[in-house]
Structure formats: C-alpha cells, structure tokens
Amino acid sequence: MAAIELEKIVKNYGSFRAVKGIDLDVRDGEFVAFVGPSGCGKSTLLRMIAGLEEISGGTLKIDGRVVNDLEPKHRDIAMVFQDYALYPHMSVADNIGFGLKMRGMSAGERRRQVEEAADILQITQLLDRKPGQLSGGQRQRVAMGRAIVRRPKVFLFDEPLSNLDAKLRVDMRTQIKRLHSMLKTTMVYVTHDQVEAMTLADRVVILKDGELIQQGAPVDVYTVPETRFVGEFIGSPKMNVLAAETGAVDGKSTALVGETRIPLGQTRLAEDRRILVGVRPEHLIRCPTDEAMIRVTVDVLEPLGSDTMAICMLGDQEITARLAPDPDLRPGMPLDLKVKPADIHLFDASTGNRI
Ligand SMILES: Nc1ncnc2c1ncn2[C@@H]1O[C@H](COP(=O)(O)OP(=O)(O)O)[C@@H](O)[C@H]1O
Ligand SMILES: [Mg+2]
C-alpha cells in the first residue's frame, strides 16, 4: 500500500509539453481515475508514475520517497494495459505465476498464490487452458491475475477495458471495483470514458490539454462542475448548454434564451451579460403550461425503455430532456418544461468558468 504524490509534474516531448505541471496527492488505498478526452495526457502521466516514461520536471513520490529516477521494477507497481500480452504457449496458471517464478518462488508457494488470485477473479476453472482458448474478458482477467500475485503497492490501469464489448466492460468494471474493495490497494485508473471513471473511482481527476481541470468525488464534480468543459464532459447524456443573456424580470435576475425567460432564483447578475445556461437532461421536468419556464418542440425521440430521450429545439438551440416513457410523445409536438433553480449551472460565455 502506498500514497502517491505528484508535485508540478511536467512532460515534454521535444518542444511539445504534453503534461503541464500537475499537482496531485493520491492517498494510500484510494481509487483515483484520470479522465479526459483522447490526447489530454492521461497515459503519459500514468506512465511517468510507472517509470516507463522519463519525468521532464517536478517531483514524484511513492510512499514518501522520491522515485523520479527509480527504475520501474523497483517501484513496486503493477500495470494493466488495454493490450495485455499473454504468453500464448503457457497455461493460464503459468501466465499468472510467471513473474513469481522469475523471482525464484518455489512451485508450491507459486501454485498457492496463483490459486488465490484465480479465486478472487473467478477464473479457477480456466487455470489449465491456454490464452487462445479464452474470451477477451477472460484474457483481461488473467492479465489482472498476473498483476495481483505480485502484491504491488500500487495498481495502475490504462484503459484496460477499451477492447471489450459493452456488456463485458460493465461486468469487468464491477470486477475491478470488487477487487479494490478486497485488496484495498492504491489504484490509479486511466479512461476516456466518464461513466467508467465515475462508477469506479473514489475521486475523479479531469484532465484537458495536459492540465488538471478539476478533481473531486464523482458526485461533487457532477453537481458543481467548475467549467463548461467539465459540465459537458461529466454526465450522460451530456449537459445542455444554452447561449443566453442576463436580464431582469420583476426585479429578479433572469436568463434570456431568445424569447424564453429562465428565472435564476437567488442568483444576482448584472444585466446584458452574455452567459451560458447549463441544464442536465435529467433535470428538465415536464409540467403544466402555466408552470413552464421553457417551451420546446420535440424533434427526435429515443426510447430506452426505462426512460425516453427527447431531443428538442428551443428556437435554434438543441436541448435534450430525459423523460418518463410516454406513448403520447410525438416528434413535432410542443413540450412544457421546468427546472429547479438549484439545477441550473451558469457559466461565463467567454471564459466558460462557473459563475
Ligand atoms: N512518444 C511521444 N512523442 C511525442 N508526443 C507524444 C508521445 N506520446 C504521447 N505524445 C503526445 O502527448 C499527448 C498526450 O498523449 P497521451 O498521454 O497518450 O494522451 P491520452 O492517454 O490522454 O490519450 C498527445 O498529444 C500525444 O500525441
Ligand atoms: Mg492513453
């Protein structure tokens, strides 16, 4: 078990700065997910922690000790990748135990540890098979088994589930979460998939263009996104962001979206300011016309069974509402919606920062 401390960590590839001075503390036993769009520097940051990539600037500590120049094999870290290279000619058991054999562990002890890992991952029945006789998800579990038997201080995962189909990805997600609650080892998990990050991690760290944009418990970054980028990146379907101007109606601050007036509750803003109004699809509520704040026209309906996504038009802006299933919903019909003031997110139109 170990804490990881990053102080002003920088990575340059020639003149290109891929990681721009990241400060972050990962607590002992914590599960942290790095999430952000492709190319934002997640893998680079993880690989620097693993020691697979040289650190251009800043200090990296594991367990209180500076490890910038320590070789990967001395960092006591296990890494699981998207492409898990298993030895094709070896059985599953030998694949899992290979690292232990290299360390000179006796066959009996090795067998015991391999069986324990297989039990955790529920692959005991596969131990005598060869990798070619396994499904993608089973192979991924063998790769995890190989990491578990090393009993590392830290597990690093780089998009380990990206090659799996959607259903298997959800199953494996549960497995990884179970693994963390059993082993209680520090885990850092890289993914571009915000749902994976939110469901797995104690804390999500949102990266963009090599910078740390926001970090916090999943529910906190969902509830209080500090920028438009985070608001739209976290949450599914994505947050609606409407261009608006501020005005006053009966002396109260109001967002004017074309003809639509959205009261801003207690928030007080100067008039004639260009802002962005963020509302999540799940926070738009159908209501009687006399209570409506927003009247939209249904454009496209996406029934999901449990609920229906209504992609609507508000003037020339698109707005999606997550609604209870209703057989009377039709494209082209008007829809009256309201939203609680507490569920409205306001961002400055030019900076994108939360107001
Ligand atoms: N070996 C390399 N040489 C030059 N540029 C690189 C190298 N590895 C990554 N990059 C660049 O650094 C940025 C971050 O890459 P990466 O960490 O792989 O992003 P992510 O994992 O978030 O998709 C990207 O712009 C990528 O093109
Ligand atoms: Mg990557």
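**Exercise 1. Identify the bridge partner of L314 in β18, and place the strands concerned within their sheet.**

Solution. In this predicted model, L314 has Q317 as its bridge partner in β18.

Step 1. The pairing that holds this bridge joins β17 (residues 308–314) to β18 through seven bridges, and the two strands run antiparallel.

Step 2. Both strands belong to an open sheet of five strands, ordered β15-β19-β16-β17-β18, with antiparallel pairing.

Step 3. The edge positions are taken by β15 and β18 (317–323); each has a single partner strand, so one side of each is left without a neighbour in the sheet.

**Exercise 2. Determine how many bridges join β15 to β19 and over how many β16 pairs with β19, and give a bridge partner for R286 and for V296.**

Solution. The two pairings are taken in turn.

Step 1. Strand β15 (residues 285–286) is joined to β19 (residues 334–338) by two bridges, in the antiparallel sense. Here R286 is partnered by L337 of β19.

Step 2. Strand β16 (residues 294–303) pairs with β19 over four bridges, again antiparallel. The partner of V296 in β19 is L335.

Step 3. A general remark applies to such strands: in a regular strand, side chains alternate between the two faces of the sheet.

**Exercise 3. Describe the open sheet that contains β11 and β14: its strand order, its edges and the turn between neighbouring strands.**

Solution. The description proceeds from the order to the edges, then to the pairing.

Step 1. The order of the five strands is β13-β12-β11-β14-β20, and the pairing is antiparallel.

Step 2. At the edges stand β13 (260–263) and β20 (344–348); since each has a single partner strand, one side of each lacks a neighbour in the sheet.

Step 3. On average, neighbouring strands of this sheet are turned by 40° against each other, direction ignored.

Step 4. Within the sheet, β11 (residues 240–249) and β14 (residues 274–279) pair antiparallel over six bridges, and E245 stands opposite R274 in β14.

**Exercise 4. Characterise the packing of α2 against α4 by axis distance and angle, handedness and contacting residues.**

Solution. Two packed helices are described by the angle between their axes and the distance between the axes.

Step 1. The axes of α2 and α4 come within 7 Å and cross at roughly 30°.

Step 2. The crossing of α2 past α4 is right-handed.

Step 3. From α2, the residues V92, N95 and I96 meet V142, G145 and R146 of α4. By class, this contact comprises three nonpolar, two polar and one charged residues.

**Exercise 5. State the volume of the largest pocket and analyse its lining by residue, element and class.**

Solution. The volume of the largest pocket is about 620 Å³.

Step 1. Its lining consists of 21 residues, and those nearest the centre are A78, M79, F81, R146 and R150.

Step 2. Two or more lining residues come from each of β6 (77–80), α2 (92–102) and α4 (136–148). The largest share, four residues, is contributed by β6.

Step 3. By class, the lining has 15 nonpolar, one polar and five charged residues.

**Exercise 6. Locate the backbone features at P237 and K8.**

Solution. Most residues other than glycine have a negative phi, and most peptide bonds are trans.

Step 1. The peptide bond from S236 to P237 is cis, with omega near -5°; P237 is found in the loop between α8 (228–233) and β11.

Step 2. K8, although not a glycine, has a positive phi of about 50°, and K8 lies in strand β1 (residues 4–13).

Methods. Residues are numbered from 1 along each chain as its sequence is written. Chains are lettered from A and ligands numbered from 1 in the order in which they are written. This is a predicted model: local features need pLDDT of at least 70, side-chain atom pairs count only at pLDDT 80 or more; totals for chains, interfaces and linings use all residues. Side-chain values use heavy atoms; hydrogens and water are left out. Two strands pair if DSSP finds at least two bridges between them. Axes are lines fitted to C-alpha atoms, for helices over the stretch in contact, and angles run from 0 to 180 degrees between N-to-C directions. On a 1 Å grid over the protein atoms alone, a cavity is a set of points where a 1.4 Å probe fits but cannot get out, and a pocket is an open set with protein on both sides within 12 Å along at least five of seven lines; lining residues have an atom within 4 Å of a point. Grid points are joined across faces, edges and corners, and a volume is the space filled by probe spheres set on the points. Ala, Val, Leu, Ile, Met, Phe, Trp, Tyr, Cys and Pro count as nonpolar, Asp, Glu, Lys and Arg as charged, and the others, Gly among them, as polar. A crossing is left-handed if the near helix is turned anticlockwise from the far one by less than a right angle, and right-handed if clockwise. Contact means heavy atoms within 4.5 Å.
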